[in-house]
Amino acid sequence: MNGRRQCAFHLRLTRAKTSGYPDAMTADPLREITKEEISDFHRDGAVLLKGVLASEWVDLLREGTDAAIANPDVMSENLGTLRVDQFPAAKSPALQRIVDESPLAEIAGRALGSAVRFYMDQLFFKPKGLFLPTPWHQDTCYYNLEGDALVRAWVSPDRVSREVSLEVVRGSHLWNVTYSPLAGRDPDLDADARVMLESARAGEPMLGVDAYDDWNYFSGVRDNSLPKVPDIEGHRDSYEILGWDYEPGDVILFHGHILHAAGGNVASQTPRRAHASLWAGSDVRYLHRVGQVIPDPRALYKYEPKSGQPLSEFPEVFPVAWSPDPAG
Ligand SMILES: O=C(O)CCC(=O)C(=O)O
């Protein structure tokens, strides 16, 4: 084990020991993330990492996604046959352990080549039966965040075939455009929404901490000044679309700005349980977004964050999750 790797390994094991779980499963990926994979991630905006999570992590992922699915809360929403939960690790110790101790932080950090902080996680559940597609969208516009060093780790305890798995528009993370979220009330049609939009423009949070009492994808107001997501599905041949057959133990890593979706209109005998975590490198800052859709992590509200503050100014909310250098 070389020096850098030993330091990182030490940092993760220290975290594992503080978790309260008696058994310390290895926090290392099953294999090195190669230079080619890292350069694919930066060039294409996404990469499939084959066989990087040990089967114990897959078992924990199954346990955690099942527990979260069985416990819907105010952050759960059914969008047709797609159930999406925000912050599912907050209600599932198994998912929390995946966030805190699994190799995902290291994998994200190695892709970015820097220390990473955990920002938030989501659950995407499609019950067996007809899987509807997840529409094309970009993630960044849903959060009060800006920066280039944003990486998502999408994992599932299920085999997910290419036709219903995650797909991305290759290279779209480099387009330098923020699209309008698909959710939110439309201020062009709704007078109350126009008032909320004006207050948000004046600096009020679009979603305050009370969003944790009652939230859905239409709690906020859409920022119609942003361009709409192009009709990618209607013009698939005009885009270079990447997608993969996914097997448990793999990680799909994709950039926070990339246009992505999941295929559907396919009947499946088995459910598709997916967990996605968002990791932030050093340039990521808080951004007061007038069209915010997803509430800030609950612990952040008491700091009353301002646009431009780096996440490193909130170390209690976003501690360094992995660093190539333990001092980092
Ligand atoms: O799993 C899906 O269907 C969508 C996942 C997604 O949009 C995400 O992880 O950001």
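## Pairing of β9 with β10

Val168 stands opposite Leu242 in β10. This contact register belongs to a predicted model, in which β9 and strand β10, residues 241–243, pair in the antiparallel sense over 3 bridges. Another residue of the pairing is Val169, which faces Ile241 across the two strands.

## Pairing of β9 with β12

β9 is also joined to β12, again by 3 bridges and with the strands running antiparallel. Here Glu167 is the residue that stands opposite Ala261 in β12.

## Faces of β9

In a regular strand, side chains alternate between the two faces of the sheet. Strand β9 covers residues 166–169, and both of its faces are covered. Leu166 and Val168 lie on one side, Glu167 and Val169 lie on the other, and all four are buried.

## The sheet

Strands of a sheet pair through backbone hydrogen bonds, in either a parallel or an antiparallel sense. The sheet that contains β9 is open, has 4 strands and follows the order β6-β12-β9-β10, with antiparallel pairing. Its edge strands are β6 (134–137) and β10, each of which pairs on one side only. On average, neighbouring strands of this sheet are turned by 20 degrees against each other, direction ignored.

## Surroundings of the ligand

Ten residues need to be named for the ligand site: Phe124, Thr134, Asp139, Arg152, Trp154, Leu166, His260, Ala262, Ala274 and Ala276 surround the ligand. Leu166 is thus part of the ligand's surroundings and also one of the buried residues of β9.

Three strands each supply at least two residues of the shell around the ligand: β8 (150–155), β12 (260–262) and β14 (272–280). By class, this shell holds 6 nonpolar, 2 polar and 2 charged residues.

## Positive phi in two loops

Most residues other than glycine have a negative phi. Phe87 is not a glycine, yet its phi is positive, at about 55 degrees. Phe87 is located in the loop between β3 (82–86) and α4 (93–101). It counts as partly exposed because 19 C-beta neighbours lie inside 10 Å of Phe87, whereas a buried residue needs 20 or more.

Asn176 is a further residue other than glycine with a positive phi, near 55 degrees. Its place is in the loop between β9 and α6 (191–201). With 6 C-beta neighbours inside 10 Å, Asn176 counts as exposed, the limit for that class being 12 or fewer.

## The chain as a whole

The chain has 6 helices and 16 strands. Its radius of gyration is 19 Å, close to the 20 Å that the globule rule gives for 328 residues, so the chain is as compact as a globular protein of that length. Taken along the principal axes, the C-alpha atoms fill a box of roughly 60 × 45 × 40 Å.

Of the 328 residues in the chain, 45% are buried. Among contacts between residues at least 6 apart in sequence, 85% join residues at least 24 apart.

Conventions
Residues numbered from 1 in each chain as written. Predicted model: local features only at pLDDT ≥ 70, side-chain atom pairs only at ≥ 80, totals over all residues. Near = placed C-beta within 6 Å. Nonpolar A, V, L, I, M, F, W, Y, C, P; charged D, E, K, R; others polar. Pairing = 2+ DSSP bridges. Axes fitted to C-alpha atoms, helices over the stretch in contact; angles between N-to-C directions. Rg over C-alpha atoms; globule rule 2.2 N^0.38 Å. Contact = placed C-beta atoms within 7 Å.
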